[in-house]
Each structure stands twice: as C-alpha cells, then as structure tokens.
Amino acid sequence: MSLERSLTAAQGYIELDMPGDALAELDSLPSGERECEQAMQLRLFILMRSQRWDEALAACSRLRELYPEHIAGYIHGAFCLHERGKTAEARDLLLSGPAALEEEATYFYNLACYSAVLGDLDTAMDYVKTSFVMDDKFREIARLDPDLTVIRDRL
C-alpha cells in the first residue's frame, strides 16, 4: 500500500470522525514511512483533535527531533503543554524554537496567550499586536479567547 493512499485513507477516517481507524491506518505504514513528516503531522492532528495531549506531546517531541527546523513540533508541542497546564514550559518551548517561527503569526499569538495566562500583560499585548499586524484574523479570535480575558479591554 502506498504512503499517499494510506494518508488519504487516514484523512477520510478523520472526516468520518473515526480517529481510531485513522491512527490504525497510519500504524499500518512501514516504519520508515510512519516517520515521514506528512504522516507524523497527520498523526499529531488526530491526537490533538482527540485531546490526547500526552501522546500528542510525544509526537511533537519526535517531530522536533527528526525535523528540528520545522515549526509544527514547536507550535503544537507548546499548545499541548499549555493544555496540560504547563504554560511556562509552553512559552519556553516556543522561545527555544527555530527562527522560522518568527515568520508565523500563530507563534506571536500563542506567546501572547501564554504571557497573559502567566500574568505578563505588557508582553502579552506586544505579542498580540504583532500577531494582528501579521494576520488580522487573530483580532476576531482574540475577542473570544479565554486566555486573553485579562487584556481583552486593551485590545
């Protein structure tokens, strides 16, 4: 079975809200193909969507190990840490990532959320403003984000 066919099948299972079958499809790949970036990111998506934070965090760690210059392992790993209540670690993970992160509005938006939760409100404002400049969609997201409640009146 080809990698492309397995990825397509796994995506189909996700669309049918069958995460177990999607993961089984990815597990059926030969070991070398299981660790291609596309398969690993799809597995990560499934785990995060299923709120399996510890497994998703392990997948992010492996992504960072195999693809250290790619940003997904950092952004999603930080999010998983934050979801597990480890917000300071989430912030530190993002700040330790590759320079390519600074080209992503999500990076700055997430840093704003983590800073706000940690009580560093001025830094949170700086980060959220940067995310708005980079991608205006974050203005609307910020209006509803519970992590930014403490700075909402300043947005």
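Where does aspartate 17 lie? Aspartate 17 sits in the loop that joins α1 (3-15) to α2 (19-27). The coordinates discussed here belong to a predicted model.

## Overall fold

The protein chain contains ten helices and zero strands. Read from the N terminus, the order of elements is therefore α-α-α-α-α-α-α-α-α-α. Along the principal axes, the C-alpha atoms occupy a box of roughly 55 × 30 × 25 Å.

Of the 155 residues in the protein chain, 40% count as buried. Among contacts between residues at least 6 apart in sequence, 49% join residues at least 24 apart.

## Surface and charge

About 8400 Å² of the protein chain is exposed, and carbon and sulfur atoms supply 48% of that area. The protein chain carries 16 positive and 28 negative side chains. The centres of these two sets lie 3 Å apart.

## Nonpolar cores

The largest nonpolar core is made of 26 residues. Leu94, Tyr109, Val128 and Leu148 have the most contacts inside this core. Helices α6, α7, α8 (105-117), α9 (121-134) and α10 (137-144) each contribute at least two residues to it. The biggest share comes from α8, which gives nine residues. Valine 128 shows what such packing looks like at one position: leaving aside residues up to four places away in sequence, valine 128 touches Phe108, Tyr109, Ala112, Leu148, Ile151 and Leu155.

A second core, separate from the one just described, has 21 residues. Among them are Leu7, Ile14, Ile46 and Ala59. In soluble globular proteins, nonpolar side chains tend to be buried together.

## Salt bridges

How many salt bridges are there? The count comes to eleven. One of the pairs is glutamate 35 with arginine 62, whose side chains meet at 2.7 Å, N to O. Glutamate 35 lies in the loop between α3 (31-34) and α4 (37-49), and arginine 62 in helix α5 (residues 53-66), so this pair ties together parts that are 27 residues apart in sequence. Glutamate 35 is partly exposed at 30% relative accessibility, and arginine 62 is partly exposed at 27%. The two residues also belong to a network of salt bridges that links Glu35, Arg62 and Glu65.

Arginine 84 and aspartate 54 form another salt bridge, with an N to O distance of 3.0 Å. Arginine 84 is in the loop between α6 (72-83) and α7 (87-95), while aspartate 54 is in helix α5, so the pair connects parts that are 30 residues apart in sequence. Arginine 84 has a relative accessible area of 42% and is partly exposed. Aspartate 54, at 48% relative accessibility, is partly exposed. Arginine 52 bridges to glutamate 55, with the closest N and O atoms 2.8 Å apart. In that pair arginine 52 is partly exposed at 31% relative accessibility, and glutamate 55 is partly exposed at 41%.

## Positive phi in two loops

Most residues other than glycine have a negative phi, and most peptide bonds are trans. Aspartate 17 is not a glycine, yet its phi is positive, at about 60 degrees. Aspartate 17 counts as exposed because its relative accessibility is 57%, and the cut-off for exposed is over 50%.

Which loop holds glutamine 51? Glutamine 51 is located in the loop between α4 and α5. The phi of glutamine 51 is also positive, near 55 degrees, in a residue other than glycine. Glutamine 51 is exposed, with a relative accessibility of 57%.

## Surroundings of histidine 76

Histidine 76 belongs to helix α6. Is histidine 76 buried, partly exposed or exposed? Histidine 76 is partly exposed, because its relative accessibility of 29% falls between the 20% cut-off for buried and the 50% cut-off for exposed.

Not counting residues up to four places away in sequence, histidine 76 touches Leu44, Met48 and Cys60. Histidine 76 and arginine 49 are separated by 27 residues in sequence and by 12 Å in space, C-alpha to C-alpha.

Definitions and conventions: Residues numbered from 1 in each chain as written. Predicted model: local features only at pLDDT ≥ 70, side-chain atom pairs only at ≥ 80, totals over all residues. Heavy atoms only, no water. Salt bridge = Lys/Arg side-chain N within 4 Å of Asp/Glu carboxyl O. Helix = DSSP H or I, 4+ residues; strand = E, 2+ residues; numbered from the N terminus. Buried < 20%, exposed > 50% of the residue type's maximum accessible area, 1.4 Å probe, protein only. Contact = heavy atoms within 4.5 Å. Areas by Shrake-Rupley, 256 points an atom, 1.4 Å probe, with all protein chains shown as cover. Lys, Arg positive; Asp, Glu negative; His and termini not counted. Charge placed at Lys NZ, Arg CZ, Asp CG, Glu CD. Core = buried A, V, L, I, M, F, W, Y, C linked by side-chain atoms within 4.5 Å.
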